[in-house]
Amino acid sequence: MVWDAERLKALRERYTGKPGETYDPRYARVAARIFKGSTRAAPFSGMPTLLSAPVRAIDWNAPDFAGLDVALIGMPMDLGVTNRPGSRFGPRALRAIERIGPYNEVLDTAPVHDISVADIGDVPFRGRFRLEQSHEDIERTVAAIVAAGVLPLSVGGDHSITHPILRAVGAKAPVGLVHIDAHSDTGAPFDDTKFHHGGPFRNAVLDGVLDPTRTIQIGIRGSSEYLWEFSRDSGMTVIDAKDISGLGIPAIIDKARQVVGDGPTYLSFDIDSLDPAFAPGTGTPEVGGLTSREALALVRGLKGLNLIGGDVVEVAPQYDATSNTAQIGAQMLFEILSLMVFSPALKKSK
């Protein structure tokens, strides 16, 4: 193929400079939704929301989720941390990230446009000092979302938030879990409480809301390994970080799909699953973790799972002056939302 004046002329005739101009049917579909007249919304303008989704104000005395497919909700609470606090600022940090999406080329969806999604604000916590009370508030809030047939997608906060979320989504029957993390978080009670960010999945199994035989934990590593014997003893599948290179991401995706099957499944993504070279802004960083590219490939490989909810937790932005951690956290939130477009659990409102 030779570049000449005739080819240049043909290109000039085809590409006239119209706003959003594209000929690939996939891309044309997206451009038609995103461009308004001659422009599209500037990512740095307007009120910041999770994934630039519309705001939906909720009266928590009489919550109305009519017309929603997925509710994005913040859980700014870190009373369960065992090390560095600060993930209470995670939801605000993710809202401030100005450019995520709108199109996911790998999964072929613009999720905020393809389904009905809204940022419904934060859990209406009754106070800021009592962890158990905060868990009650989370469970009650998520239960209302689930009762309305809406999928919850949450932003923490520390990982203890996932226990009350699972109590809500697994109230009728135990659910499966894909858990991507540096830590198994199946530790025993200590310091006179079982409610901490190192024990949510142990608590959920013992509460009868999480099926350990349909649970896979990916990326586990670090000096706290001795705390996690409950995981394997209960029947969970554990993929240690040291084995990821040898197994390969495709094999791990296949294993995850095999473990959870086609039943209702929750996806929990702890930002410390990533190596601190990529995401230092977290309370319990562990070296030797996933790269951001590996994490993206792993999550994208779960397309078609029967997802009934998900979360991104443990973003503590003050430990990262670059905002990279929040950027990756928001990207992973976008990836999980993109997966939900294809979930059999989704009752599309439009």
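**Exercise 1. Determine how many salt bridges a search of the whole structure finds, and which parts of the chain the pair R33 and D114 links.**

Solution. Step 1: a salt bridge is a side-chain nitrogen of Lys or Arg within 4 Å of a carboxyl oxygen of Asp or Glu. Under this rule, the search of the whole structure gives 15 salt bridges. Step 2: one pair joins distant parts of the chain, with R33 in helix 2 and D114 in helix 4, 81 residues apart. Helices (H or I, at least four residues) and strands (E, at least two) are DSSP runs, numbered from the N terminus. Step 3: the N to O distance between the side chains of R33 and D114 is 3.6 Å.

The model is predicted: local features need pLDDT of at least 70, side-chain atom pairs count only at pLDDT 80 or more, and totals for chains, interfaces and linings use all residues. Residues are numbered from 1 along each chain as its sequence is written, and side-chain values use heavy atoms, with hydrogens and water left out.

**Exercise 2. Describe the interface of domain 1 and domain 2.**

Solution. Step 1: the bounds, which come from an automatic or database domain assignment, place residues 1-40 in domain 1 and residues 41-341 in domain 2. The C-alpha centres of the two domains are 38 Å apart. Step 2: with contact taken as heavy atoms within 4.5 Å, seven residues of domain 1 touch nine residues of domain 2. Step 3: about 820 Å² is buried between the domains, 46% of it on carbon and sulfur atoms; buried area is the accessible area (1.4 Å probe) that two parts lose on being put together, summed over both. Step 4: three salt bridges are counted between domain 1 and domain 2.

**Exercise 3. State which residues the UniProt annotation "binding site" covers, and how they are arranged in space.**

Solution. Step 1: the annotation, from an unreviewed UniProt entry, covers H159, D181, H183, D185, D270 and D272. UniProt positions are given in the numbering used here, feature names are shortened, and annotations may be inferred rather than shown by experiment. Step 2: these residues span 114 residues in sequence, yet no two of their C-alpha atoms are more than 12.1 Å apart, so they gather at one spot. Step 3: D185 belongs to the loop between strand 4 (175-180) and helix 7 (200-206).

**Exercise 4. Locate the cis peptide bonds from G101 to P102 and from G156 to G157, and the positive phi of S52.**

Solution. Step 1: most residues other than glycine have a negative phi, and most peptide bonds are trans. Step 2: the bond from G101 to P102 is cis, with omega near 10°, and P102 sits in the loop between helix 3 (90-96) and helix 4 (111-114). Step 3: the bond from G156 to G157 is also cis, with omega near 20°; G157 is in the loop between strand 3 (151-156) and helix 6 (162-169). Step 4: S52, a residue other than glycine, has a positive phi near 55° and lies in the loop between helix 2 (25-34) and strand 1 (70-75).

**Exercise 5. Identify the contacts of V81 beyond its neighbours within four places in sequence.**

Solution. Step 1: V81 is in the loop between strand 1 and helix 3. Step 2: leaving those neighbours aside, V81 contacts S87, D158 and H197.

Definitions and conventions: Polar contact = N/O pair within 3.5 Å; in protein donor to acceptor, adjacent residues only side chain to side chain.
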